[in-house]
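Please look through the sequence and the model first, and then read the report that follows with both at hand.

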Amino acid sequence: MAGFKDFTKSGHPPTLISSFLYFDISFMIWVMIGATSTFIVADFDLTTAQKGFMVGIPILGGAILRIPMGLLADRYGGKRMGVIGMLITMVPLAWAWLFGNFLSEVYAFGFLLGIAGASFAVALPLASRWYPPEHQGLAMGIAGAGNSGTVLAFIFAPRLAEALGWHNVFGLTLIPMLLVFIIFIILAKESPNKPKPQPLKTYFAILSKKESWIYSFFYSLTFGGFVGLTSYLALFFVDQYGVSKVRAGDFVTIVVFAGSMIRPVGGYLADRLGGIRMLFYLYGSAVIVLTLVGLLPSVYLALGLLFIALMIFGMANGALFQVIPTSFPKEVGMMTGFVGAAGGFGGFFLPNILGSLKEVTGSYSYGFWWFSATFLVAWIIIYVMYRVADQRVRDY
């Protein structure tokens, strides 16, 4: 409790709040195709693999754009890039609202919605730089809880799509986007601790460090699992269990809520216990839970298991981003963009793998078991890292 009181007295709460809102509305927009996917596919004759590609393409756009957005935020400021990012995001929203009558258009504006996903590389460094190292895990966790935008998307989008049509959902989304845009301009402020711009070669030097690639692999599983399943689960519940489109949206809302709101807890516990130690237990748990999901139990048992899985992903996301600012203090934006891009790529491939394996094998089991096996590989890597770090402490 004392640690939390210290946290509230440090930093710049208006920037933390505005960063959260920016990330929240952006994340809601980023998964909007997934939230309305069951209605969009009704307008097009899509295979299972095409459905996976459709919901995955905004995630791919976000993955590609996160690195340049993070780099630009480091060089020109997070507030400036946040304003630019929100202005650009309004373009594909208007396109989807007024046009979007062909599948190629859905793919195109879906990719452009990736600029909303790239907000991750701007919002988190903007907020965290106001806080000392001992509180950055919690600050990152609070700003990163903007993942909860997915809850809003899956609560409202299916109901609005059923009543007004999916095109109008994208048009209505412009309203909260404009409100957050105004709040962000008023409240957000650049931290005086923002490091001076470095030569480009300095930023890209992080690619030579093995930790960059290891953290990226870890994040491709947890954040990729979060956003990939968020985008695909509505289709999964409809295809596998035959639930209604709105009910499927409600199910996704339940599991996404778990993954979103638990992220600050993961960051806070990582501040206290250590990020790598947290990841060791969380990744091991993910192996077990995903294996059970692959058995395709009854709909409510599957819902419970997925609820636990996304809680694990959310806590792991918070724990991992406790590690990054301390490991790369001068390249937080670039590193956040790089690791975030890996998370986005993971989120793109996951629905594609689930859809493709379902089409080839006739079952979703193999997709979830593949995901579980990949977590097992990551858990082994974490185990080795944990043992090496423990041995260094003993030697010291």
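## Salt bridges

In this predicted model, Lys 51 is buried, with a relative accessible area of 15%. The side chain of Lys 51 meets that of Asp 239 in a salt bridge, with 3.9 Å from N to O. Because Asp 239 lies in helix H14 and Lys 51 in helix H5, the pair ties together parts that are 188 residues apart in sequence. Asp 239, for its part, is partly exposed, with a relative accessible area of 34%.

How many salt bridges does the structure hold? The structure holds two, and the other pair to describe is Asp 250 with Arg 159, whose side chains meet at 2.9 Å, N to O. This pair links distant parts of the chain, with Asp 250 in helix H15 (residues 245-261) and Arg 159 in helix H11, 91 residues apart. Asp 250 counts as partly exposed at 21% relative accessibility, and Arg 159 is partly exposed as well, with a relative accessible area of 39%. The table sets out the two pairs.

| Acidic residue | Basic residue | N to O distance |
|---|---|---|
| Asp 239 | Lys 51 | 3.9 Å |
| Asp 250 | Arg 159 | 2.9 Å |

## The nonpolar core and helix H17

The largest nonpolar core has 126 residues, and those with the most contacts inside it are Tyr 215, Phe 237, Tyr 283 and Phe 313. Which helix gives the largest share of this core? That share, 15 residues, comes from helix H18, which covers residues 299-327.

Tyr 283, named above for its contacts inside the core, is also one of the buried residues of H17, among which are Gly 275, Ile 276, Met 278, Leu 279 and Phe 280. Further along H17, the buried residues include Ala 286, Val 287, Val 289, Leu 290 and Val 293. The length of helix H17 (residues 275-293) can be checked by a short piece of reasoning: at 1.5 Å a residue, its 19 residues should span 27 Å, and its end C-alpha atoms are 26 Å apart, which agrees. In the loop between H17 and H18 lies Leu 296, where phi is near 55°, a positive value in a residue other than glycine.

Ser 216 is found in helix H14, which runs over residues 210-241. Is this residue buried or exposed? Ser 216 has a relative accessibility of 5%, so it counts as buried, since buried means under 20% relative accessible area. Leaving aside its neighbours within four places in sequence, Ser 216 is in contact with Phe 338, Val 339 and Ala 342.

## Around helices H6 and H7

In helix H7 (residues 103-112), the residues Leu 103, Glu 105, Val 106, Tyr 107, Phe 109 and Gly 110 are buried. What covers these buried residues includes helix H3 (32-35), helix H5 (48-76), helix H6 (78-98), helix H8 (114-117) and H12.

Pro 92 has its place in helix H6, and at 2% relative accessibility it counts as buried. Not counting neighbours within four places in sequence, Pro 92 is in contact with Phe 109, Leu 112 and Leu 113, and Phe 109 is itself one of the buried residues of H7. The C-alpha atoms of Pro 92 and Ala 108, which are 16 residues apart along the chain, are separated by 8.5 Å.

Phe 99 lies in the loop between H6 and H7 and is partly exposed, with a relative accessible area of 47%. When residues up to four places away in sequence are not counted, Phe 99 touches Glu 105 and His 167, and Glu 105 is among the buried residues of H7. By contrast, Phe 99 and Ser 285 are 44 Å apart in space, C-alpha to C-alpha, and 186 residues apart in sequence.

## A nonpolar patch on the surface

On the surface, Leu 152, Phe 156, Leu 160, Leu 164, Leu 172, Ile 175 and Leu 179 form a nonpolar patch, with about 610 Å² of accessible area together. The elements that give two or more residues to this patch are helix H11 (149-164) and helix H12 (166-187). H11 gives the most, with four residues, while Ile 175 lies in helix H12. Helix H11 also holds Arg 159, which was described above as the partner of Asp 250 in a salt bridge.

Key: Residues numbered from 1 in each chain as written. Predicted model: local features only at pLDDT ≥ 70, side-chain atom pairs only at ≥ 80, totals over all residues. Heavy atoms only, no water. Patch = residues over 30% accessible without salt bridge, like charges linked within 9 Å, V, L, I, M, F, W, Y side chains within 5 Å. Areas by Shrake-Rupley, 256 points an atom, 1.4 Å probe, with all protein chains shown as cover. Salt bridge = Lys/Arg side-chain N within 4 Å of Asp/Glu carboxyl O. Buried < 20%, exposed > 50% of the residue type's maximum accessible area, 1.4 Å probe, protein only. Contact = heavy atoms within 4.5 Å. Core = buried A, V, L, I, M, F, W, Y, C linked by side-chain atoms within 4.5 Å. Expected span 1.5 Å × (residues − 1).
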